[in-house]
Amino acid sequence: MSTENEGTAVPPAPSAPPVPVDTPAASVPPEQGVSRGTDPVDPHQGTAPSQGPAYPQGTGAPQGDTPTATLPPVPSGAPEAAGPAPEAGAWPPPPPATPSYASGGEGGSGDVWGSSYQQPAPKPKSGGRGGLVAAVLVAALVAGGVGGGIGFWAADRNDNSTDSTTVAASQSGGDLKRDPGTVASVAATALPSTVTIEAEGSNGEGGTGTGFVFDTQGHILTNNHVVAEAVDSGKLSATFSNGKKYDAEVVGHAQGYDVAVIKLKNAPSDLKPLPLGNSDKVAVGDSTIAIGAPFGLSNTVTTGIISAKNRPVASSDGSAQSKASYMSALQTDASINPGNSGGPLLDANGSVIGINSAIQSSSGGLGGTSQSGSIGLGFAIPINQAKTVAQQLIKTGKPVYPVIGASVSLEEGTGAKITEQGASGSDAVTPNGPAAKAGLKPGDVITKLDDRVIDSGPTLIGEIWTHQPGDTVKLTYTRDGKQQTAEVTLGQREGDS
């Protein structure tokens with residue numbers, strides 16, 4: 001998963017990445033600081049270290065400013081359950097190795113913290129749903145048999161009775177109107193504005209995910225990993241709950257944030273954007289409603305609560321070209337599975353508070369397959385952050401990342417350590433960059449950002465990315481065993497490169 005909070009000080013959060021919801025999860029590094037190796041992460045610049053361990057990705061050296069990494073870079077290495085430590089300095093930090101808290105061996109039932117991203121399963125062939133259909137038919141036959149038996153028994157017992165035991169709907173209050181605020185009412189309102197997205201690359205590979213109407217111009221908000229296959233010469237389509245299908249194109253995508261915006265071609269004039277809530281006001285215990293297409297089952301609605309906030313989560317799709325995504329996520333126990341990615345996480349009023357993006361999943365999978373399912377640990381990108389990213393993508397087509405201009409280690413520990421050297425041999429602290437101006441040096445260990453405890457590089461990156469370039473943050477760090485503080489005005493990096 002990702003290093004969302006999906007931090008420390010609070011209970012340390014795993015810096016390991018959960019698995020993207022739209023694809024089966026592999027093994028993911030632990031929340032608390034998945035060991036991502038010692039490769040430096042450039043939180044500022046966004047360059048990622050070379051390929052490394054699996055899930056979590058470190059910050060890489062910034063591009064443009066100095067090779068030093070700006071805290072929130074996006075890692076590029078493909079996660080491997082157990083891979084060599086990422087090369088020092090490689091921009092997208094490699095995902096962390098097996099989390100320290102992960103238990104269970106390879107191929108085992110998997111108590112591993114998180115699973116690395118996996119490519120979405122290919123679209124089912126015409127007969128791909130045979131198993132599901134057969135299962136449904138068998139269930140129907142069994143139910144029919146049981147129902148018939150009970151009916152015969154009841155008739156036999158009431159042969160001599162003249163009194164009717166039938167209860168009319170009017171007698172039982174059979175009013176189908178749903179009161180505002182009920183799950184049924186929220187679902188009825190949100191489903192028409194939620195779409196199932198099918199993305200296919202030029203190589204014919206792709207998968208299914210979810211998205212929702214962002215504005216009346218036809219923009220749909222979803223995850224980057226949902227549409228990544230279709231970014232270059234691929235095909236995209238969005239299907240509404242009423243069955244109407246529209247071709248679409250990618251307007252902009254942000255690998256690091258795992259956010260993307262697509263636009264419907266020939267969009268209908270009656271689009272109803274889902275109302276956006278305030279994810280900063282969400283509290284643990286608040287009710288949640290998730291909508292998506294788990295395993296291709298469109299228009300599926302599940303419920304739960306917010307089980308944690310500010311969960312540091314780092315996730316990747318597992319491909320060799322993939323860089324890591326970082327978030328300080330909302331954690332929910334609403335059932336989220338592959339195919340839910342990009343779908344809305346709603347509050348009890350039907351307002352979007354997050355984008356469902358990753359899950360913590362057991363490595364065993366379902367029925368021995370690689371398609372692992374929900375175990376009650378889902379992670380969503382807070383909507384306040386996603387909204388800002390989406391607006392930037394619609395405006396310029398490129399994401400903008402806040403950075404501190406320093407490379408940090410991806411290893412787990414008691415904080416985010418500024419490395420001795422940046423990516424590709426660059427300076428670990430960008431000359432005249434934000435961190436340098438604040439007096440930070442290689443070897444300093446950052447333990448807090450404002451009031452948020454920092455337990456690892458990925459956690460620091462995720463927290464920095466919840467801010468905007470130009471924001472001033474207070475960093476608490478240790479040097480030679482002494483605690484110090486510094487105010488840093490965040491710089492910026494444009495694009496994912």
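**Group meeting: helix H6 and its contacts**

Okay, let me start with H6, where the buried residues are Gly 457, Pro 458, Thr 459, Leu 460, Ile 461, Gly 462, Glu 463 and Ile 464. So the helix is mostly covered, with eight of its eight residues buried. Before I go on, keep in mind that this is a predicted model.

One name in that helix deserves a second look, and that's Glu 463. Which residue does Glu 463 form a salt bridge with? The partner is Arg 452, and the closest N and O atoms of the two sit 3.5 Å apart. Glu 463 is in helix H6, which covers residues 457-464, while Arg 452 is in strand E20, residues 452-453, so to speak a link between distant parts of the chain, eleven residues apart.

Now, are the two ends of that bridge buried or partly exposed? Glu 463 has 5% relative accessibility, and because the cut-off for buried is under 20%, Glu 463 counts as buried. Arg 452 comes out at 25%, so Arg 452 counts as partly exposed.

How many salt bridges does a search of the whole structure find? Two. The other one joins Asp 444 to Arg 479, with 2.8 Å between the closest N and O atoms. Here, too, distant parts of the chain are linked: Asp 444 is in the loop between helix H5 (434-437) and strand E19 (445-449), and Arg 479 is in strand E21, residues 472-479, which puts the two 35 residues apart. In this bridge both Asp 444 and Arg 479 are buried.

Right, on to the rings. Searching the whole structure gives five aromatic pairs. One of them is Tyr 401 with Trp 465, a tilted pair: the centres are 4.8 Å apart and the planes make an angle of 45 degrees. Why does this pair tie together parts that are 64 residues apart in sequence? Because Tyr 401 lies in strand E16, residues 400-403, whereas Trp 465 is in the loop between H6 and E21.

As for accessibility, Tyr 401 is buried, with a relative accessible area of 0%. Trp 465 is buried as well, at 1%.

And the two have company: Tyr 401 and Trp 465 form one aromatic cluster together with Tyr 257 and Tyr 326.

So, if you're scrolling through the model, start from buried Glu 463 in H6, then pick up Trp 465 in the loop between H6 and E21, and from there go to the cluster with Tyr 257, Tyr 326 and Tyr 401. That's my bit, thanks.

Key:
Residues numbered from 1 in each chain as written. Predicted model: local features only at pLDDT ≥ 70, side-chain atom pairs only at ≥ 80, totals over all residues. Heavy atoms only, no water. Salt bridge = Lys/Arg side-chain N within 4 Å of Asp/Glu carboxyl O. Helix = DSSP H or I, 4+ residues; strand = E, 2+ residues; numbered from the N terminus. Buried < 20%, exposed > 50% of the residue type's maximum accessible area, 1.4 Å probe, protein only. Phe/Tyr/Trp six-rings, centres within 6.5 Å; stacked < 30°, edge-to-face > 60°.
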